[in-house]
Amino acid sequence: MTFVITQNCCTDASCIPVCPVDCIRPVPNGTAAPMLYIDPNTCVDCGACMAECPVGAIYHEDELPAGQRRFLDINAAYFDKTALKVRDTQAKPAPRPLERGALRVAIVGSGPAACYAAAELVHTPGVEVHLFDRLPTPFGLIRSGVAPDHQATKQIVSVFEPVLASDRVSCHFNVEVGRDVTHAELTEHHDAVIYAVGASRSRDLGIPGEHLAGHHAVADFVAWYNGHPDHAHHEFDFGTSRVVIIGNGNVALDAARVLVSDTETLAQTDIADHSLRALAASAVQEVVLLARRGAAHGAFSVGELIALGELPGVDVVVRGELGERPDDLDGALKYDLITEYAMRPRTPGNRVVALVFSAPPLELVGTENVEGVRLETGIIETGLVFRSIGYRGAAIDGVPFDEAEGRVPNDEGRVVDAGEPLPGVYVAGWIKRGPQGVIGTNRTCAQQTVGHLMEDFAAGKLRRRSDDDISELLTRRGVQAVDWAGWLAIDAAERARGAAAARPRAKFVEVGELVGAARI
Ligand code: SF4
């Protein structure tokens, strides 16, 4: 008997250290592993990993939900290709305690990379962290990026909550660097600043017709249905029967699922109320996902592809050239799933998600509004197009920025300016390494950055110029900062609003509402 890791795996790797026989692989090392796997021949069936997994992705093989059963074979197949090797599991020595406040670090952002960085910092007794976010709410893309039908993934916040609640972490939400406080002021009041601000700008398509109404970045749609205050007022025309999404990564699949899911299902999630109303009146029957290349190169993960194929009331159809079946496990799994989907019979009346391969878009056609997407093989008619081809970071005032790469130039997290490290300034997450990886990828990324920060501190390279608490400066300026207790008040109010309709929460989507709820 064995336990099995399934679709929801966040690669956070909380499970690895608790396994008594060390049979979970790959051990994250900074590269973006699609998921982790359990070796069924070594697992001793103890269940420790299941108890530790923050997103509920691990099941006993006898208790696998119907839609997840194929992960039994997927876990085993990983070890058929990559035999389990004994590794050195000696625990790292505990960090030497510092005098309280001897090291004070500002972290800008409160998404996974920021939270993992804070966790790593407070692991050293005495270190103080000040965490800033421009929104009144924490957790970044966990709140505003993870799809509402993936509630289990959002449970990763249970790893972060004890960290942000620590008496050595001060939260300053609703505080924007560049508006309420400057980079120079952060460096004055802290020994080091870590920017973990993500990459929120969408890449452009670079084809004619991008300016047409009805063409949007998928990130705007995702933030809209997740109730991000900056995006709550967007309007999308769901009067079209077909939506085209250019790109086929996990974000594209999320958007497709939301567009074709029945609204009774969505109504049980924390989707924004305005989105639920708009989607309930939607005429969309088909979502077409356009991929430049073949099936083996799909940007989606195997887990998300399986979840798409399990969606009730939805047929997944496949068109275009699939290309060659590759040798690597991940690519071969994708290829095999796609070919399996291609042979499925259609169900009359079902909505459709069409995966179209080897179909680069050449032009968005239309006069004022988009009316179609031109491919080499013809035009796909549509009134709504989302591009989902990746993200770029935005420049931070006072910090070097590489416009071509869309991220802050850095050497393993140390920000560099003209090739030289900028003392006391660091990055973690997408603004450091670009928009790649899943939630857990940020853990090793943040650990690397904090490791270098601690080396620099030990070498005497970090020194703040002011011991004053930054809160006093914010108060003098009249900034309505929200602290951890304020977030707990927002959280309780949203959960109470949702409970009446048996939903996990009903989100506030205006900054004023959020700040008001924080003051209750
Ligand atoms: Fe390891 Fe126990 Fe999980 Fe099996 S059930 S993978 S032995 S922790």
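Glu-188 belongs to helix H7. This is a predicted model. Glu-188 is partly exposed, because its relative accessible area is 29%, and the cut-offs are under 20% for buried and over 50% for exposed. The points below start from this residue, then turn to the core, the ligand and some local backbone features.

**Around Glu-188**
- Leaving out residues up to four places away in sequence, Glu-188 touches Arg-464, Arg-465 and Ser-466.
- Glu-188 and Asp-469 are 281 residues apart along the chain. Their C-alpha atoms are separated by 11 Å.
- Helix H7 itself covers residues 183-189.

**The nonpolar cores**
- In soluble globular proteins, nonpolar side chains tend to be buried together.
- Here the largest nonpolar core has 116 residues. Ile-107, Leu-164, Ile-194, Phe-221 and Ile-245 touch the most other members.
- Helix H3, residues 112-122, supplies the largest share of this core, with 8 residues.
- Another core lies apart from it and has 20 residues. Among them are Val-181, Val-193, Ile-431 and Val-479.

**Ile-194 and its contacts**
- Which residues is Ile-194 in contact with, leaving aside its neighbours within four places in sequence?
- One group of its contacts is Val-105, Ala-106, Ile-107 and Val-108. Ala-117 and Leu-121 are also in contact with Ile-194.
- Further along the chain, Ile-194 is in contact with Tyr-426, Val-427, Ala-428, Thr-449, Val-450 and Leu-453.
- Two of these contacts, Ala-117 and Leu-121, are among the buried residues of H3.

**Helix H3**
- Is H3 largely enclosed or largely exposed? It is largely enclosed by the rest of the structure, because 9 of its 11 residues are buried.
- The buried residues include Pro-112, Ala-113, Ala-114, Cys-115 and Tyr-116. Ala-117, Ala-118, Leu-121 and Val-122 complete the list.

**The ligand site**
- The ligand is surrounded by 14 residues. The closest are Cys-19, Cys-43, Cys-46, Gly-47 and Cys-49.
- What kinds of residue make up this shell? It has 12 nonpolar residues, 1 polar and 1 charged.
- The ligand takes up the space of the second largest cavity.

**Thr-11, a buried loop residue**
- Thr-11 sits in the loop between strand E1 (3-5) and E2.
- Thr-11 counts as buried because its relative accessibility is 5%, and the cut-off for buried is under 20%.
- Not counting residues up to four places away in sequence, Thr-11 touches Pro-28, Ala-33, Pro-34, Met-35 and Leu-36. Val-438, Gly-440 and Thr-441 also touch Thr-11.

**A cis peptide bond**
- Arg-25 and Pro-26 are joined by a cis peptide bond, with omega about -5 degrees.
- Pro-26 lies in the loop between strand E2 (24-25) and strand E3 (37-38).

**Positive phi outside glycine**
- Asn-174 is not a glycine, and its phi is positive, near 65 degrees. The residue is in the loop between strand E7 (169-173) and helix H7.
- Is Asn-174 buried or exposed? Asn-174 counts as buried because its relative accessibility is 9%.
- Ala-502 is not a glycine either, and its phi is positive at about 55 degrees. Its place is the loop between helix H17 (484-499) and helix H18 (511-518).
- Ala-502 counts as exposed because its relative accessibility is 66%.

Conventions: Residues numbered from 1 in each chain as written. Predicted model: local features only at pLDDT ≥ 70, side-chain atom pairs only at ≥ 80, totals over all residues. Heavy atoms only, no water. Near = heavy atom within 4 Å. 1 Å grid on protein atoms, 1.4 Å probe; cavity = no way out; pocket = protein on both sides within 12 Å on 5 of 7 lines; lining within 4 Å. Sits in = over half its atoms within 2 Å of the grid points. Nonpolar A, V, L, I, M, F, W, Y, C, P; charged D, E, K, R; others polar. Core = buried A, V, L, I, M, F, W, Y, C linked by side-chain atoms within 4.5 Å. Buried < 20%, exposed > 50% of the residue type's maximum accessible area, 1.4 Å probe, protein only. Helix = DSSP H or I, 4+ residues; strand = E, 2+ residues; numbered from the N terminus. Contact = heavy atoms within 4.5 Å.
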